[in-house]
Amino acid sequence: MKKLQFLTAVLWCMSSALLNAQNNTDTAQLKMMIDSIEKSFTYQHGTVQLKDSVATVVLPEGYKYLDAEQAKKVLVDLWHNPASEDMTLGFIMPQSTSVLSENTYVFNVQYDKIGYVKDDDADDINYDELLAEMQKDVETENEERVKMGYPSASLVGWAAKPFYDKDKKVLHWAKEIRFSEEEANTLNYNVRILGRKGVLVLNAIAPMEQLSAVQGDIPQVVQMLEFNEGFRYSDFDSKVDDVAAWTIGGLVAGKLLAKAGFFAILLKFWKVIAIFVVGIGTKIWRTIQNKKSSTPELQSSDEVAEK
């Protein structure tokens, strides 16, 4: 209840501040703040080598790359996700967007060293039955999710049914997720590129209305990433390499709270709060702080995030 009271108070203060800003300089200050944050990032273009030289990213015109260190700052400091090891190798982004754009989406890149994933089951999976099992799993996970201070979630269904390209060794699918505190549903688009010792993971998080835009980027994004020699699926050596316990169906059924998909819980709401937190010296944030201090039961955003 205290968390809900705090979030309600923050939203109220933010709304009031934004209304007042229409007739004073707060709007300009907020824009300057967002511009300053965006200018603090250094994007890469062309060819990028991923950590440990596992794979290469070749960015065509119209796309940019944010490296792992900066991407982690975005995930943790701006989007308020819990920090974890290997949570990102960087972002692939459309050139025209920024991490604080109103309708931004990024492809978060990770490498999961789970071993060589056999694809023998790819043609035998009943994805409707798998969806039903996943929906039950998400409901089961809700108790843990709420304990951690995040809203409960439900898996609405496939936004794009799983598809496996056996020639390119690429699996992709999309889930439509509903969070209890969000009016609009969230799109979680997943791509897995199979390799010799693990899989390259790409997750795109966006509002559902951006499904067509994200889908339109998938073919190009998949072509941007390629395992380096020695890490390709075709390089597998059964004498020395480990076979993953995961199958194609297992990759699709991965838990919502699993490392590879955990940042799917980021909400647009948190991105907005983060803007104000970064600008802690502004009149808007002082208004929030004053409201907080005058209401004993309210907690700080850091306390909320920790629970």
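Accessible areas here come from the Shrake-Rupley method with a 1.4 Å probe, and for residues only the protein chains shown count as cover. On that basis the protein exposes about 15,200 Å², with carbon and sulfur atoms supplying 51% of it. This is a predicted model, so local features need pLDDT of at least 70 and side-chain atom pairs count only at pLDDT 80 or more, while totals for chains, interfaces and linings use all residues. Residues are numbered from 1 along each chain as its sequence is written, and side-chain values use heavy atoms, leaving out hydrogens and water.

Now for the overall fold. The protein has 9 helices and 13 strands; these are DSSP runs numbered from the N terminus, with helices (H or I) of at least four residues and strands (E) of at least two. Of its 307 residues, 51% are buried (under 20% relative accessible area, with exposed over 50% and partly exposed in between, 1.4 Å probe, protein chains only).

What about the inside? The largest nonpolar core (buried Ala, Val, Leu, Ile, Met, Phe, Trp, Tyr and Cys residues joined through side-chain atoms within 4.5 Å) has 35 residues, and I92 and Y189 touch the most other members. Helix α5 (residues 211-224) gives this core its largest share, 6 residues. A second, separate core holds 24 residues, including Y116, L130, I177 and V252.

Back to I92: beyond neighbours within four places in sequence, its contacts (heavy atoms within 4.5 Å) include V57, L59, F107 and L202. T97 lies in the loop between β5 (90-94) and β6 (107-112). T97 is nevertheless buried, because its relative accessible area is 14%. Setting aside neighbours within four places in sequence, T97 is in contact with K64, T104 and Y105.
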